[in-house]
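Welcome, and please open your viewer with the cartoon view switched on. We will go from stop to stop, selecting a piece and then looking at what is there.

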Amino acid sequence: MRTVTLLAVFLAVVSMCPSGAHAQAKSTSPPTDVGEIQPANPAQFYKEPGYSPYAGKHFPERPYFGDEHVHTAWSADAGMSGATLTPEDAVRFARGEEVVSTTGQPVKLGRPLDWVVISDHSDGMGVIAEIRAGNPELMSDPTQKRWHDMMLAGGDEATKAMLELIQSQANGTLPASIRDPKFAKSIWEKNTAIMEKYNEPGRFTAFIGYEWTSNAGSGDNLHRNVVYRDGKDKADQVLPFTTFQSENPEDLWKWMDAWEKKTGGKLLAIPHNGNLSNGRMFELRTFLGDPLTKEWAEQRQRWEPLFEVIQMKGQSESHPSLSPTDEFAAGYELWDRGNLTLEPKKPGMIQYEYLREALKNGLVEEELLGVNPFKYGMAAGTDTHNGLTADEEENFYCKFVSCEPRPERWSEDAVKFGDRVVKGWEITAAGRTAVWATANTRADLWDAMKRRETYATSGTNVVVRFFGGFDFTPADTKTRSPAIAGYSKGVPMGGDLKSAPPGKAPTFLVAALRDPLGGNLDRIQIVKGWLDKRGKAQEKIYDVVWSDPDIRTKGANGKPRPVGNTVDLANATWTNTIGAPELIAVWKDPSFDRAQKAFYYARVIEIPTPRWTAYDAAYFKVKMGKEVPMITQERAWTSPIWYTP
Amino acid sequence: MDLPDLVHALKRLLREPLLHFAVLGALLFALHAAVSPRGTAARGEIVVTRGQVESLATAFERSWQRPPTDAELAGLIESWVRDEVFYREGLALGLDRDDVVVRKRVGQKLEFLSEEATDAAPTDAQLEAWLAAHAAEYAVEPATSFEQVYFDPARRRESLARDLERARASAAPAEAGDPSLLPARLESASPREIESRFGPAFAQALAGIAPGSWQGPIESSYGVHLVRVTARSEGRAPALAEVRERVARDWGSARARAEKEALYQKLRASYRVTIEPADPSAVTAAK
C-alpha cells in the first residue's frame, strides 16, 4: 500500500515539475522535491545565441512582488476588530487602486503588488443564491417564487424582496425551506468567485487561498497559508480544511493530498510566525509528540516549500540568542516574549522557532532520517487584518483597524493579555515575497514558489539574483546579463548542488539592484550553515560585497566598516549619497569540505532609512519614547541553495 | 487569523461574575429538571432534520472526500446537538447580545444575502454607459519597446560624459555599457512597468524619446542610460468587447455597493434611532 502511495506521489510530483529549473546534473535524490527530479537541461533556459545575447532565453527575467497573507472583514477576528474591507476591496488595493480604509482614510499603495493571496476563512452561508437561481425545490413555495422573480428584476425590486424577506422573518412567516442547510452556499465559493474576477493573467494574479489557523495549546502559532495553483472550478470542489477538524499539521497534509487526488490540482502551504509558536514550529517531534520519521519529513518537505520569515508580527529568520555574532539580527523586529496569547517563553523554546536554526536542524535530521524535513525557501507577507497590504514604511496602515494612522498608535497596546503587552511601535511594516517566474500567472508563480525560486523582503522591492555552481568566476559579474551565466552554469535560489567535483568548492554568483524608490545597498552577505565533522550544525555569515570597499575596509572584527547614516529624523528623509545602487560578486566558500552537508543563502542589507515610527513622528509631530526604533535597514533573504555530498 | 483577541475576549467573559451567576443558575435549573420525578421540564425540542444530517454528511465529505462512517456520522450529529444545546442555552441567557463577533457575523450574513439577491446580469447599454463614464480606467495603455545601455557614474567618474558620447556614436553602444541587473530591453512595456523597473524619472524621460536611433543620456534611479526606442504604440480608448469582463466586474461591484447602501438606508428609515448624549437631560431623537 505504501509503495503504491509513494508511486502516486512520485508520479504526481514528476508530472507537475514545472520546468526543472533547479535540476542538477547528477541528481538522484528523493522524489519528494520538485527541484531534484529532472536532470539538468541548460538548453531549456539558455540556447547558444547568435548575435543577440537575449534570444532564446526562457528563464525568469524579473521577480514578481506579492503578499501571501491578507485578512479582510471576512475573517472572524478581523471583522470583530472592526474591519469592514472585503476581499474585493483588498484585491483592488493590492492591485494599486485607491480604497477607503475602515477608519475612513483614503489609501493607495506606492508600488502596487504583482500578485496577492487573500487568506481568509470559510464558513456557511444562506440559501438566497438558490432562490435567485430558481432552485425548483424552493420554487414550489409561492413566496419564494415571487422573491425569485423580484430578484431577477433587479434594482428596487430586488431590494424590496430583501426587505420582504427580513419582514417575514420578523413576523415568523419565513418559509421553512429557506433554512434548510442543504441549500447553503459557502462563503468559500463567494471568495473564489471574487479571486476569479480579479485574476488577470499577465497583469495581476489573484490566488485562491485560505489560512489554516492551528493554535495548539494556549495559542502556539502553527498557522499555515494554503495557496492554490488552480482556479475556482477545482477550488470549489472541496471546502477548505479548518481547525475544527484538526489542529495537527499532518492532517492538513492529508487533506491536501486528498484534494490533489480528487481535483488533479496543486496546493502548497506556507507556515508563519515560528516566533510565536513557543517552541513548536520546528520542534524535533511530531504534533502528537512522537519521534520524526522519514515519511513525516517527506510530507513536510513536499507540502511546505516556503516559510514566511517576516510579517507585521515580527521576523522569524534569526534570533540574537541563536546567532550572537549576527549584528543584523540584534534588535531587528523581534517579537520573542511569548506565543500568540503572549504566554511567556521558557528556556529552550526559541531554538525551534527561527528558520535559520531550523535549516541547520534540517541537515541534522536529514542525516538521521534520510530526508530533510525543514527544506524551506523564503517567503514574506503582511498578515494584515484590515484588508490593506500597506507595508510601506511611509504608508503604513498597520495590522489592525485600531492602529490605522493616528498620532497615538505607537504608544498604545497592540496586543494585551493581562499585564503581558506588545506595544504599537513593535508592529513591523513588512513584508513581500518576490517570485522569479517566467510570467505573472497563477501557474507560473506557483511553480516558482514550489521550486523555491523566491526571496523574502522586509517590504522593499529590491531585486536579488543568487546562483550556486562549481564554476562561477569573477568574470561572470562583468557580463551584460549575469542571469545568463547564472542559469547556464548553476542553479538558482532554492536549488540543490550535489557531490562536488574533486578539488572544487561551491561558488556563488550573487547580485542585487536596489528598489527604484528605495534606499541604496549597504552589503550582500551569504549565510552558511553546515554539519561539522562531529555532526553538529554550525553557521557563519560572510560579508561578500559591500559599497565603497576602498573606504569601508574591514576592521579588526573582520567586518566592513558601517555604511553610515543619512537619516534626517526631523523630516523623516534620507539620501542615497552612501551605499550603492547595485552590488554583484562571485563568492567561493573558503572552508568547504565536500563530505559535509551545507546550505547557503544570501541576505541583502540596505542603508539605514526611516522606520514607520519616524514617518509617524514627523507627520503627527509626536515625540516617542527612547525604546522606539526610528531607523531600520530594509533587507531581503533568498531561498537557500543546499549542498548534499 | 489571530487568536489573541478572541481568547482575550473569552477569558474576560469567563471572569465576569454575572456570567458565573447566570451559568450557575442555569445549571441549577437543569439539575432540577433532570432530577424532578416527572422529568417533563423539557427546555425545548431538538429535531435533527434529515436535511441537517445530510448537510453534516456533505460537509464531512467535502473536506475528507469520502462519506463519514456510521460512527463518524453519529459523532457529527452528537457534536451538532451539543453545539445546538449550548447555543440555545447561550441565546436564552442573552449571551449573543453585546457580543461584537456575533453582531458582526450576523450583520455580514445579511449583507451577503442582499448581495446574492441583487446580483443581476448587466445589459450592454449599462456597460457602455459605465465604460464611457470611466474611460480613463480602461484606456489601452501606451506601450514602448526599447533597448537601454547602462553607465554607472560611480565607476566611470570623470570619463562618464566622454564614454557616453563615444558609445552613442559607435555601431554597438551595448558593448560599451556596464553590467547590470536592469533589463537590456523591454518589449511593449506599459508606463507602469517601466517606472517599476527604472524609476519615475526614467519613465518620464523615455516618453519624450523619438523612436529610431540611440539617444540619451537619460537618468534613472540607478545612473545614466543610452536608449533606443524600437516601437511605440499610443494609448487609445478600447471598444467594449475588448474590456467587457473588467467593465462587467467593476459595474457589478459598484452596483452591489450602491444596493447595499440603499438597503441599509431603507432599513434604517424603519427605525427610530436615539443617541443619548453625555448629558441625560438633553435627549434628542434622530430619525
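## Stop 1: a covered strand in chain A

Select residues 306–311 of chain A: this is strand 11, and it is mostly covered, with six of its six residues buried. Keep in mind as you go that the model is predicted.

Now add residues 377–380 of chain A, which form strand 13; four bridges join strand 13 to strand 11, and the two run parallel. To find the register, click on Glu308(A), whose bridge partner in strand 13 of chain A is Ala379(A).

Next, select residues 314–315 of chain A. This is strand 12, which runs antiparallel to strand 11 of chain A and is joined to strand 11 by two bridges. Here the pair to click is Ile310(A) and Gln315(A), which stand opposite each other. The link between strand 11 and strand 12 of chain A is a hairpin, and it passes through two residues.

## Stop 2: an open sheet and its helix

Stay in chain A and bring up strands 20, 21, 23 and 26. These four strands form an open sheet with antiparallel pairing, in the order 21-20-23-26. Strand 21 (491–492) and strand 26 (582–588) of chain A stand at the edges with a single partner strand each, so one side of each has no neighbour in the sheet.

Now select helix 14, residues 482–489 of chain A. Helix 14 packs on this sheet and touches strand 20, strand 21, strand 23 (507–513) and strand 26 of chain A. Compare directions on screen: helix 14 makes about 35° with strand 20 of chain A.

For a closer look at one edge, show residues 463–469 of chain A, which are strand 20; two bridges join strand 20 to strand 21 of chain A, and the two run antiparallel. Which residue is the bridge partner of Gly468(A) in strand 21 of chain A? Label Val491(A), because that is the partner.

## Stop 3: a buried loop residue

Follow chain A from strand 23 to strand 24 and pause at Gly518(A), which sits in the loop between them. Is Gly518(A) buried or exposed? With 22 C-beta neighbours inside 10 Å, Gly518(A) counts as buried.

Show what surrounds this glycine. Leaving out residues up to four places away in sequence, Gly518(A) touches Thr460(A), Asn461(A), Val462(A), Glu606(A) and Glu634(A). You can also draw a distance from Gly518(A) to Ile578(A): the two are 60 residues apart along the chain, and their C-alpha atoms are separated by 13 Å.

## Stop 4: strand 24 and its two partners

Select residues 521–531 of chain A. Eleven of the eleven residues of this strand 24 are buried, so strand 24 is largely enclosed by the rest of the structure.

Add residues 598–606 of chain A for strand 27, which is joined to strand 24 by nine bridges and runs antiparallel to strand 24. Then add residues 537–546 of chain A for strand 25; nine bridges join strand 25 to strand 24, again antiparallel.

Ile524(A) is a handy landmark here. Its bridge partner in strand 27 of chain A is Val604(A), and Ile524(A) stands opposite Val545(A) in strand 25 of chain A. Before moving on, look at the hairpin of strand 24 and strand 25 of chain A: it has five residues between the strands, and Gly535(A) takes a positive phi near 80° there.

## Stop 5: helix pairs in chain B

Switch to chain B, which has twelve helices and six strands. Of its 287 residues, 18% are buried.

Select helix 6 (residues 124–133) and helix 12 (residues 240–269) of chain B. These helices pack at an angle of about 90°, with their axes 10 Å apart. Helix 6 and helix 12 of chain B are therefore roughly perpendicular to each other. Show side chains at the contact: helix 6 of chain B brings Gln126(B), Leu127(B), Glu128(B), Trp130(B) and Leu131(B), while helix 12 of chain B brings Leu240(B), Arg244(B), Val247(B), Ala248(B) and Trp251(B). By class, this contact of helix 6 with helix 12 of chain B has seven nonpolar, one polar and two charged residues.

For the last view, select helix 10 (residues 191–198) and helix 11 (residues 200–207) of chain B, whose axes come within 7 Å and cross at roughly 135°. That makes helix 10 of chain B oblique to helix 11 of chain B, and their crossing is right-handed.

Terms used. Residues numbered from 1 in each chain as written. Chains lettered and ligands numbered in written order. Predicted model: local features only at pLDDT ≥ 70, side-chain atom pairs only at ≥ 80, totals over all residues. Axes fitted to C-alpha atoms, helices over the stretch in contact; angles between N-to-C directions. Parallel < 35°, antiparallel > 145°, perpendicular 65-115°, else oblique. Left-handed = near helix turned anticlockwise from the far one by under 90°. Contact = placed C-beta atoms within 7 Å. Nonpolar A, V, L, I, M, F, W, Y, C, P; charged D, E, K, R; others polar. Pairing = 2+ DSSP bridges. Buried ≥ 20, exposed ≤ 12 C-beta atoms within 10 Å, placed from the backbone.
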